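Work through the exercises below with the structure open beside the text. Try each task before reading its solution.

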Amino acid sequence: MLDRAERGHRKLVEIKGLKMYFPITAGIFRSKVGDVKAVDDVSFDIYEGETLGLVGESGCGKSTCGRVILRLYDPTDGSIRIDGVELSDADSGTLRKLRPTMQMVFQDPQASLNPRMTVAAIIGEPLDEHSRLSKAEKLDRIYELMDAVGLNRNFANRYPHEFSGGQRQRIGIARALALNPKFIVCDEPIAALDVSIQAQVVNLLEDLQDRLGLTYLFISHDLSMVRHIADRVAVMYLGRIVELAPRDALYDRPMHPYTQALLSAVPEPDPEIETERKRIILTGDVPSPANPPKGCNFCTRCPKVMEICHNVNPPFRELEPGRFAACHLYEDTDTTAGKTAAQEELTSIQQGV
Ligand SMILES: Nc1ncnc2c1ncn2[C@@H]1O[C@H](COP(=O)(O)OP(=O)(O)OP(=O)(O)O)[C@@H](O)[C@H]1O
């Protein structure tokens, strides 16, 4: 178990240049005509014991990112290291051995639990596959897990439909915990729940993190909830991470124009601040990930767009210690040349070099 102060010293998850493209096929021969670039060159780390929030509009690639990190998909390119082990090219045998270390809690507990299995069978299934416990030991472990997530042991032989939405999510969490994972991808774990239940499930996840030293990637489009639970936050737009920063820095002083727009839409509880706040309304639709714009992915909707943004993809760089963003607004000027590297690139594009 990790104390809060001990968190954040060791990188548990290291993602570099990760790409997940889904092929688009057409015609009777199903020939490939393009790719949906769901995750397009994404790099970030997650420190042991922390919660990294991953936010962005629907369809920006959050779930695909979580799934490919757990190798539920085969990545198109890039490196995924969890606890020092490279997963991007791991074979099925290696993945099977590593599976207990990394788990997922899904959005819709109704859909992710087999309706024909009892709670004990659902929670015990990973134990059957990955451990050699006796029948009695397995039942003890199932009870222990039910206790840990606040489910009554007496209900072990009931079926998922006999539980409320919040209780079903607790079953999903107990199942994810069965093999003592280190890393859990929580994919919109509260989005399908009543608002009154959401806080209970988030509190449970936080409590389990403290007790078991878990590391979370917490995927959500609920920026207020992410502010509550995350230590650091990554903002995704059209397959790319545009900003990553410690939580308070990001919410108090967003740097990327997309983050600024997203946060301007979050309601402020203080009515005085709320009436004075300026909303940034983004115009235009999110482009298709099958045909993203040239240059910066956000250039078609950015209120601060410059010429360079239509031509050069801004690199994802550390702008301040611990703060990363991909935006030409923050390019350093090379004083000797009087131009930034990106401006040089733009000049060569314009000159057709
Ligand atoms: N299996 C798949 N095959 C083809 N395209 C896919 C597949 N899964 C996702 N996509 C596409 O990849 C893009 C990113 O989808 P993804 O579900 O990862 O986004 P998201 O940010 O999690 O959205 P949401 O919040 O709505 O779940 C979308 O355009 C989606 O249609």
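**Exercise 1. A helix and its packing**

Task: Find which residues of helix α10 are buried, and which elements they pack against.

Solution. Note before starting that the model is predicted. Helix α10 covers residues 257-264, and its buried residues are P257, Y258, T259 and L262. Next, look at what surrounds these side chains. The buried residues of α10 pack against two helices, α8 (223-229) and α9 (247-252), and against the strands β9 (232-237) and β10 (240-246).

Now take Q260, which is also found in α10. A residue counts as buried with 20 or more other C-beta atoms within 10 Å, and as exposed with 12 or fewer. Q260 has 16 C-beta neighbours inside 10 Å, so it counts as partly exposed. Leaving out residues up to four places away in sequence, Q260 touches P254 and I280. As a distance check, the C-alpha atoms of Q260 and L250 are separated by 9.2 Å, and the two residues are 10 residues apart along the chain.

**Exercise 2. The whole chain**

Task: Decide whether the radius of gyration of the chain agrees or disagrees with that of a compact globule.

Solution. Start with the expected value: for 353 residues, a compact globule would have a radius of gyration near 20 Å. The chain has 22 Å, which agrees. The C-alpha trace spans about 75 × 60 × 45 Å along its principal axes. Of the 353 residues, 38% count as buried. Among contacts with a separation of 6 or more, 64% are between residues 24 or more positions apart. For the secondary structure, count 12 helices and 12 strands in the chain.

Part of the chain carries a label. An unreviewed UniProt entry annotates residues 13-263 as "domain: ABC transporter". The span 13-263 is 38% helix and 28% strand, and its end C-alpha atoms lie 27 Å apart.

**Exercise 3. The nonpolar core**

Task: State how many residues the largest nonpolar core has, and list the contacts of L217.

Solution. In soluble globular proteins, nonpolar side chains tend to be buried together. The largest nonpolar core here has 85 residues. Those with the most contacts inside this core are A174, L217, F218 and V235. Take L217 and set aside its neighbours within four places in sequence; the contacts that remain are I46, L52, L54, G66, I69, V185 and C186. Two of these names, G66 and I69, appear again in Exercise 4 as buried residues of α1.

**Exercise 4. Helix α1 and the ligand**

Task: Find which element gives the largest share of the shell around the ligand, and say why this element is described as largely enclosed.

Solution. There are 13 residues around the ligand, and F22, A38, S58, S63 and T64 come nearest. Sort the shell by class: five residues are nonpolar, seven are polar and one is charged. Then sort by element. Both β2 (31-47) and α1 (62-69) supply at least two residues of the shell. The largest share, three residues, comes from α1.

Now check burial. Seven of the eight residues of α1 are buried, so the helix is largely enclosed by the rest of the structure. The buried residues are K62, S63, T64, C65, G66, V68 and I69. After α1 comes R71, with a positive phi near 60°.

**Exercise 5. Backbone angles and a loop**

Task: Compare where D41 and N180 lie, and say whether each is exposed or partly exposed.

Solution. Most residues other than glycine have a negative phi. D41 is not a glycine, yet its phi is positive, about 70°. D41 lies in strand β2 and is partly exposed, with 17 other C-beta atoms within 10 Å. N180, also not a glycine, has a positive phi of about 55°. N180 lies in the loop between α6 (165-177) and β7 (183-187). With 11 other C-beta atoms within 10 Å, N180 is exposed.

Finish with A192, found in the loop between β7 and α7 (195-212). A192 is partly exposed, having 18 other C-beta atoms within 10 Å. Its contacts, leaving aside neighbours within four places in sequence, are Q107, D108, P109 and G165. The C-alpha atoms of A192 and A245 are separated by 27 Å, and these residues are 53 residues apart along the chain.

Conventions: Residues numbered from 1 in each chain as written. Predicted model: local features only at pLDDT ≥ 70, side-chain atom pairs only at ≥ 80, totals over all residues. Near = placed C-beta within 6 Å. Helix = DSSP H or I, 4+ residues; strand = E, 2+ residues; numbered from the N terminus. Nonpolar A, V, L, I, M, F, W, Y, C, P; charged D, E, K, R; others polar. UniProt positions renumbered as here; feature names shortened; annotations may be inferred. Contact = placed C-beta atoms within 7 Å. Rg over C-alpha atoms; globule rule 2.2 N^0.38 Å. Core = buried A, V, L, I, M, F, W, Y, C linked by C-beta atoms within 7 Å.
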